[in-house]
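Open your viewer, keep the selection box handy, and come along for a short walk. Each stop tells you what to select and what you will find there.

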Number of protein chains: 2
Amino acid sequence: MAKRCRICQKKAFIYLRYANLALCKEHFIQRTEKVVKETIEKFKMFSPQDKILVAVSGGKDSLVLWHILGKLGFKADGVHLDLGIGEFSSLSLKLSQKFSETHQFNLKVVSAKEVLGASLEELFKKSKEKPCSLCGTVKRHLLNEFAYKEGYSVLLTGHHLDDETARLLGNLLNWEIDYIWRQFPVLPQEGRLVKRAKPLVFLSKKEIETYAQLEGIEYLQVKCPYSRGSKLHFLSDIMDEIEKHFPSSKLRFLKGFYKLRKIFYPKKPIKLFECPSCKMPTTSEGLCRFCRLKERISHGENFKTN
Amino acid sequence: MAKRCRICQKKAFIYLRYANLALCKEHFIQRTEKVVKETIEKFKMFSPQDKILVAVSGGKDSLVLWHILGKLGFKADGVHLDLGIGEFSSLSLKLSQKFSETHQFNLKVVSAKEVLGASLEELFKKSKEKPCSLCGTVKRHLLNEFAYKEGYSVLLTGHHLDDETARLLGNLLNWEIDYIWRQFPVLPQEGRLVKRAKPLVFLSKKEIETYAQLEGIEYLQVKCPYSRGSKLHFLSDIMDEIEKHFPSSKLRFLKGFYKLRKIFYPKKPIKLFECPSCKMPTTSEGLCRFCRLKERISHGENFKTN
């Protein structure tokens with residue numbers, strides 16, 4: 001028997017197994033936006049008074065986030081990091097710009113190569129470190145620095161349910177208490193670290209993808225060529241298997257964690273130092289990881305930062 | 001190049017990837033016993049003064065545990081539960097008895113059907129509950145009751161690294177705080193609940209299997225026909241995948257948990273009541289789950305206990 005939309009009883013377009021919920025196109029779109037709205041409110045992520053910045057990669061997650069913010073009536077600017085990973089990056093930039101133009105949203109572009117002295121691809125080729133680790137350092141720094149310098153009060157990213165549960169599983173397997181503690185949909189501003197939030201944590205990859213297609217959002221379909229075989233991809237596959245076997249596992253896992261997250265409060269709160277070069281907060285004395293990377297690039301050394 | 005034993009440099013017989021350790025037969029046996037000895041000491045599980053009881057199923061885990069206890073100089077009796085699951089149970093009993101005779105160890109047999117009024121197989125066929133859940137209730141009750149009534153000071157089970165990590169993963173996915181808290185290699189005596197310990201938690205299934213073969217232990221090779229497709233089997237396969245991808249994950253996961261387990265201390269410690277029938281501790285007022293099951297069997301009702 002064909003499933004019917006739970007709201008209007010029309011023929012269903014999608015069945016969300018984890019919620020045992022069948023919906024037509026219209027009500028699927030409505031619900032997706034409602035989930036985001038409620039997440040923003042529940043975690044007090046921001047209000048219309050905030051100066052909001054979205055990290056825009058050109059992929060479905062960040063574009064859907066930006067799109068929904070607009071529909072919810074929030075004015076949000078975007079920042080795109082041009083990482084310099086060949087065609088992957090040029091296509092990402094193109095799609096981000098196209099989206100911002102059709103939506104008449106403000107998009108700023110920050111070039112990693114300009115700030116750092118080398119593109120990410122050049123870094124990957126010369127460094128022994130894992131690409132995702134290097135890229136993470138660079139992205140976190142550039143996004144925060146831009147948000148801070150431009151006076152944004154909150155920085156949003158498009159991390160979703162699949163990202164967050166894969167990361168949580170990885171952090172639990174290694175009992176990385178500090179990382180576990182910091183894995184929350186909203187982290188308050190700390191000195192020059194701008195407040196961060198993830199309004200899509202309760203939406204699955206599949207929901208975001210479907211929403212993007214229904215709303216006619218043109219997004220980057222290819223994955224970063226350097227991310228293949230990454231730890232997070234593997235853990236994401238593991239979580240998919242678990243979800244398939246026990247529907248709703250991901251949502252239960254993440255929501256349950258948020259509820260009792262306070263037990264992971266670190267006994268010794270992480271002390272933050274000020275990087276003498278960029279003035280941004282860092283977890284150890286001396287140059288921050290980003291500035292050490294930058295220094296080694298300028299000296300033509302190898303890029304190992306640990 | 002063929003690997004060499006790390007201790008004596010002879011040709012290695014086994015390579016333990018998680019420990020990056022190659023060993024000859026002799027030193028593998030030595031190491032396995034040492035791991036058990038150190039686990040017993042580290043968690044203060046028992047001393048030679050204790051009256052020790054081992055839950056003996058006839059599988060490799062319990063027989064290897066009992067065998068090693070003997071080699072370490074501990075005097076331990078065994079108890080075998082005859083669950084009444086067809087040929088699986090009769091073979092389990094036969095192998096347990098054979099082992100106890102060749103080792104000249106004391107083995108007592110408790111028949112589930114005699115105490116409960118029905119065999120587990122009869123229960124499985126009539127109840128809507130999952131076999132592993134029913135069987136768990138019966139086993140926990142019968143083992144503790146026997147240990148308590150016979151005056152044993154500690155009850156040992158053969159749970160190993162693979163069991164414990166699969167269970168921990170399952171408990172974390174659902175944030176079952178009480179179960180997480182109680183998942184420790186040693187649990188103190190609480191009223192009529194006898195002290196329990198799991199001396200094999202740091203040995204993998206593979207190590208136990210190999211040890212059993214080297215020591216000529218004849219054990220039950222078949223699995224319970226009702227356990228197929230169980231939650232724990234699935235989670236165990238998931239942990240195997242993780243271990244394969246990230247060697248040593250299981251040990252790191254479990255050891256890390258034991259280190260910081262205190263953060264899971266329940267805010268409201270579980271209140272234990274006394275079952276008015278069997279006088280054993282139970283988590284709710286009135287008859288314990290085991291006695292409810294027994295009552296329904298005697299009334300010829302369906303066996304649902306929840």
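Which residue follows α3(A), and is its phi positive or negative? Select A:Q104: this residue comes after α3(A), and its phi is positive, near 55 degrees. Keep in mind throughout that this is a predicted model.

**Stop 1: helix α3 in both chains**

Step back from A:Q104 and select residues 86–103 of chain A, which make up helix α3. At 1.5 Å a residue, its 18 residues should span 26 Å, and the end C-alpha atoms are 26 Å apart, so expectation and model agree. Now colour the buried positions of α3(A): A:F88, A:S89, A:S92, A:L93, A:L95, A:S96, A:F99 and A:S100. To see what covers them, add elements of chain A including α2 (60–71), β4 (76–82) and β5 (107–111). One general point may help while you look down the helix: an α-helix has 3.6 residues a turn, so residues three or four places apart point the same way.

Repeat the selection in chain B. Helix α3 (residues 86–103) of chain B again has 18 residues, with an expected span of 26 Å and end C-alpha atoms 26 Å apart. The buried residues of α3(B) include B:F88, B:L93, B:L95 and B:F99, along with the serines B:S89, B:S92, B:S96 and B:S100. They pack against α2, β4 (76–82) and β5 (107–111) of chain B. After the helix comes B:Q104, with a positive phi near 55 degrees.

**Stop 2: two helices crossing**

Stay in chain B and select α2 (residues 60–71) together with α9 (residues 205–214). Their axes are 10 Å apart and the helices pack at an angle of about 65 degrees. The crossing is left-handed. Show side chains for B:K60, B:D61, B:L63 and B:V64 on α2(B), then B:I208, B:E209, B:Y211 and B:A212 on α9(B): these residues make the contact. By class, this contact has 5 nonpolar, no polar and 3 charged residues.

**Stop 3: where the chains meet**

Zoom out until both chains are in view. How many residues does each chain bring to the contact? The answer is 18 from chain B and 18 from chain A. On the side of chain B that touches chain A, the elements giving two or more residues are α7 (161–173), α10 (231–245) and α11 (249–260). The largest share, 6 residues, comes from α11(B). Colour this side of chain B by class and you will find 12 nonpolar, 4 polar and 2 charged residues.

Next, superpose the copies. A rotation of 180 degrees with 0.0 Å of shift along its axis places chain B on chain A, with an RMSD of 0.0 Å. The two copies are thus related as by a two-fold rotation axis. To find that axis from chain B, select B:I263: in this chain, its C-alpha is the nearest to the axis, 2.9 Å away. The copies meet through the same surface, because 100% of the interface residues of chain B are also interface residues in chain A.

**Stop 4: positive phi in two loops**

Select A:S248, in the loop between α10 (231–245) and α11 (249–260) of chain A. Its phi is near 80 degrees, a positive value in a residue other than glycine. A:S248 is partly exposed, with 14 other C-beta atoms within 10 Å.

Then move to B:W175, in the loop between α7 and α8 (177–182) of chain B. Here phi is near 45 degrees, again positive in a residue other than glycine. B:W175 is partly exposed, with 18 other C-beta atoms within 10 Å.

**Stop 5: two last residues in chain B**

Select B:F124 in helix α5 (residues 120–126). It counts as partly exposed, because it has 19 C-beta neighbours inside 10 Å and 20 or more would make a residue buried. Leaving aside neighbours within four places in sequence, B:F124 is in contact with B:P131, B:L134 and B:Y226. Try a distance label to B:I85: the two are 39 residues apart along the chain, with C-alpha atoms separated by 9.4 Å.

Finish at B:K279, in the loop between β9 (273–274) and β10 (281–282). Beyond its neighbours within four places in sequence, B:K279 is in contact with B:R192 and B:E274. B:K279 and B:F264 are 15 residues apart in sequence and 29 Å apart in space, C-alpha to C-alpha.

How values were computed:
Residues are numbered from 1 along each chain as its sequence is written. Chains are lettered from A and ligands numbered from 1 in the order in which they are written. This is a predicted model: local features need pLDDT of at least 70, side-chain atom pairs count only at pLDDT 80 or more; totals for chains, interfaces and linings use all residues. Axes are lines fitted to C-alpha atoms, for helices over the stretch in contact, and angles run from 0 to 180 degrees between N-to-C directions. Helices (H or I, at least four residues) and strands (E, at least two) are DSSP runs, numbered from the N terminus. A crossing is left-handed if the near helix is turned anticlockwise from the far one by less than a right angle, and right-handed if clockwise. Two residues are in contact if their C-beta atoms, placed from the backbone, lie within 7 Å. Ala, Val, Leu, Ile, Met, Phe, Trp, Tyr, Cys and Pro count as nonpolar, Asp, Glu, Lys and Arg as charged, and the others, Gly among them, as polar. Copies are superposed by least squares on the C-alpha atoms of residues with pLDDT of at least 70 in both. The expected span of a helix is 1.5 Å times one less than its number of residues. A residue is buried if 20 or more other C-beta atoms lie within 10 Å of its own, exposed if 12 or fewer, and partly exposed in between; C-beta atoms are placed from the backbone.
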